[in-house]
Amino acid sequence: MITKEQLNLLCELSKLRIPEEKLEGYAKEMEDIIGLMDTIGESDFEYDPIDMSRAVPFGELRDDADEVFGNMRGIVENSPKTRENQFVVPKVVD
Amino acid sequence: MKTIKELRGMLDKKEVSSVELTKEYLDRADSLNGEVNAYITISRDEALDEAERADKKIAEGGALPLTGIPLAVKDNICIEGVRTTCASKMLENFKPIYNATAIEKLNEQGAVYLGKTNMDEFAMGGSSQTSYFGGPKNPYDTERVPGGSSGGSAAAVAADMCAAALGSDTGGSIRQPSSFCGVTGLKPTYGTVSRYGLIAFASSLDQIGPIANSAEDCGIILNAIAGRDRHDQTSRDTGVSDYTSLIGESVKGKKIAMPKEFFGEGIDDEVKESVFAAAKFFEENGAELVEVSIPTLKYAVSSYYLLACAEASSNLARYDGVKYGYRTEDAESFDELIKRSRYEGFGREVKRRILLGTYALSSGYYDAYYKKAMAVRQQFIKEHKSIFEKCDVMLTPTAPTVAYKCDENIDDPVKMYLADICTVTSNMVGIPTVSTPCGYDKNGMPIGVSISANHFEDAKVIQFADCFEKQFSKQAARI
């Protein structure tokens with residue numbers, strides 16, 4: 001059972017502001033989904049982190065070298081709000 | 001409907017120019033897109049410019065396998081300067097400032113991009129109906145879904161609105177829509193194709209791959225896009241120079257694994273019959289069918305969704321309404337700006353998955369969900385390793401059903417998730433799998449069979465799929 005309080009905590013962690021009137025609908029859906037996920041509790045396999053690190057095919061790391069990035073304009077153009085090549089956000093400190 | 005191989009021959013013999021070919025596909029895309037909604041963006045001017053350049057290259061005698069071939073690209077793969085939305089309000093106006101590595105490699109070949117194809121929002125879904133731009137439709141029956149999440153790419157290929165397309169596959173998103181739309185789709189071995197420039201969903205599962213009219217065409221595209229990339233630490237130099245090299249080799253004496261759990265309850269009878277018929281074809285051609293077991297399959301859906309959503313909750317944390325993407329109006333604080341932008345910018349399915357992923361990773365639940373799912377993933381790897389020690393390939397249905405009606409399942413996430421049972425293990429294990437059409441149900445809807453092999457044996461799945469395709473009578477889409 002997912003309570004509204006639990007869902008509010010998840011929303012806080014997920015950085016999502018779900019309006020109060022929609023919380024119940026989301027809680028019901030999450031309950032159904034978590035019910036499906038709970039089937040994994042029946043499995044009794046042990047996780048081996050060392051084995052997993054071998055299974056992931058990581059290649060060699062690239063050199064940690066400086067690179068000149070020339071398209072500052074492209075970055076700024078994709079931002080919803082900028083001023084003088086800086087991102088604009090609401091005031092954070094008084 | 002022509003394959004890339006046929007189009008290559010026509011271009012090289014100057015029977016048609018790339019500009020003419022591109023115009024033909026663009027005109028068809030323009031005329032059908034209102035009905036099929038396969039494309040979010042059609043890039044007419046850019047495509048014709050690329051086609052002109054390709055024609056020059058062909059005239060100079062420098063044509064490569066994909067020079068001048070008109071392709072479509074899923075809208076989660078970045079093309080510099082071309083709107084890349086991920087089918088989300090969040091990225092409605094996003095224009096990437098760099099190309100995905102797969103695109104860079106296709107550029108080296110001189111391929112032509114007709115446009116960006118529709119999909120489930122952030123590749124999260126199996127119907128493509130979660131798209132912010134309205135769902136694409138199945139060219140075999142426009143009242144039905146094309147599958148997802150690469151539904152637009154599969155529909156575009158099936159409706160002859162492009163010669164082939166790029167898709168991405170995190171839990172079946174290339175193979176299931178290919179099955180629903182009666183075309184061939186390949187999820188390569190994890191690491192074969194760079195993920196750089198693919199908008200991330202679940203990084204340990206995501207892989208770019210081709211959707212085309214034949215397995216050979218998939219191989220031709222894979223030849224172009226595969227390879228080690230310094231921008232993606234998980235990419236590999238596989239040492240394979242030609243993924244079509246095994247085409248034409250006999251399947252005689254090869255062992256085909258048939259995991260019994262894939263043919264049980266929940267799989268439609270017509271699907272089972274078609275897949276068994278495909279198995280019989282291989283048997284008649286000298287292959288041996290071997291019944292095997294993947295007992296862990298019952299945990300496939302839960303473990304996949306726990307891992308994919310956990311990774312998604314982390315990957316999608318970058319959308320904050322500041323650097324790029326949707327931004328809410330008039331937020332009074334920084335915290336409110338982020339939370340409201342994310343609530344308003346993401347669709348319901350994306351929010352559900354972020355919440356689930358956050359839940360699985362949160363204190364007190366991590367061991368019970370995320371760690372358990374990782375343990376199941378390890379077990380899948382062991383079970384598949386054991387199968388491929390004894391067998392060459394594995395044969396399974398691609399999806400439990402044919403394409404369903406657009407209004408079915410949409411409001412039932414659990415039912416939608418369970419429908420991924422046949423595809424998710426391939427991503428969890430990282431092996432290559434191709435889906436190719438193997439039959440049609442009583443309503444004429446396509447059925448797909450999946451062929452999987454061990455890691456980096458992509459050429460082998462292409463060989464088997466090609467062998468089957470050469471004798472299979474395909475029915476064209478009705479549109």
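In which sense do S4(B) and strand S6 (residues 207-212) of chain B pair, and over how many bridges? They pair in the antiparallel sense, over five bridges. Keep in mind as you look that this is a predicted model. One of the pairs to find is B:Leu166, whose bridge partner in S6(B) is B:Pro210.

Let's stay with S4(B), which covers residues 164-169 of chain B. Six of its six residues are buried, so this strand is largely enclosed by the rest of the structure. Its side chains alternate in direction: B:Ala164, B:Leu166 and B:Ser168 point one way, while B:Ala165, B:Gly167 and B:Asp169 point the other way. S4(B) also has strand S2 (residues 70-74) of chain B as a partner, and here three bridges join strands that run parallel. In that pairing B:Leu71 is matched with B:Ala164.

B:Leu71 leads us to the largest nonpolar core, which has 165 residues. B:Leu71, B:Leu114, B:Cys162 and B:Leu306 are the ones that touch the most other members. Helix H9 (residues 300-315) of chain B gives this core its largest share, ten residues. Try finding B:Leu306 and looking around it. Beyond its neighbours within four places in sequence, its contacts include A:Met37 and A:Ile40 from chain A, along with B:Tyr369 and B:Tyr370 from chain B.

Those contacts bring us to the meeting of the two chains, where 56 residues of chain B are in contact with 42 residues of chain A. On the chain B side, H9 and the helices H10 (334-345), H11 (348-361), H12 (367-390) and H13 (413-418) each supply at least two residues. The largest share, eleven residues, comes from H12(B). By character, the chain B side divides into 28 nonpolar, 14 polar and 14 charged residues.

Next, turn to helix H8 (residues 269-284) of chain B. At 1.5 Å a residue, its 16 residues should span 22 Å, and this agrees with its end C-alpha atoms, which are 22 Å apart. Its buried residues are B:Val271, B:Ser274, B:Val275, B:Ala278 and B:Phe282. Why do they lie on the same side of H8(B)? They do because they cover an arc of only 95° around the axis. A general rule helps here: an α-helix has 3.6 residues a turn, so residues three or four places apart point the same way. The face turned away from the buried side carries the exposed residues B:Asp269, B:Lys280 and B:Glu284. Among the elements that the buried residues of H8(B) pack against are strands S10 (433-440) and S11 (446-452) and helix H15 (458-469) of chain B. Just after H8(B), B:Gly286 takes a positive phi of about 100°.

Now follow S10(B) itself. Seven of its eight residues are buried, so S10(B) is largely enclosed by the rest of the structure. S10(B) and S11(B) run antiparallel and are joined by seven bridges, with B:Gly439 standing opposite B:Ile447. Their hairpin has five residues between the strands, and in it B:Gly444 takes a positive phi near 80°. S10(B) is also joined to strand S5 (residues 184-187) of chain B by three bridges, again antiparallel, and B:Gly185 has B:Ser435 as its bridge partner.

Our last stop is helix H7 (residues 215-225) of chain B. Eleven of its eleven residues are buried, so H7(B) is largely enclosed by the rest of the structure. Its buried residues include B:Glu216 and B:Asp217 as well as B:Ile220 and B:Leu222. After H7(B) comes B:Gly227, with a positive phi near 135°.

How values were computed. Residues are numbered from 1 along each chain as its sequence is written. Chains are lettered from A and ligands numbered from 1 in the order in which they are written. This is a predicted model: local features need pLDDT of at least 70, side-chain atom pairs count only at pLDDT 80 or more; totals for chains, interfaces and linings use all residues. A nonpolar core is a set of buried Ala, Val, Leu, Ile, Met, Phe, Trp, Tyr and Cys residues joined through C-beta atoms within 7 Å. A residue is buried if 20 or more other C-beta atoms lie within 10 Å of its own, exposed if 12 or fewer, and partly exposed in between; C-beta atoms are placed from the backbone. Helices (H or I, at least four residues) and strands (E, at least two) are DSSP runs, numbered from the N terminus. Two residues are in contact if their C-beta atoms, placed from the backbone, lie within 7 Å. Ala, Val, Leu, Ile, Met, Phe, Trp, Tyr, Cys and Pro count as nonpolar, Asp, Glu, Lys and Arg as charged, and the others, Gly among them, as polar. The expected span of a helix is 1.5 Å times one less than its number of residues. The arc is that of the directions from the helix axis to the C-beta atoms. Two strands pair if DSSP finds at least two bridges between them.
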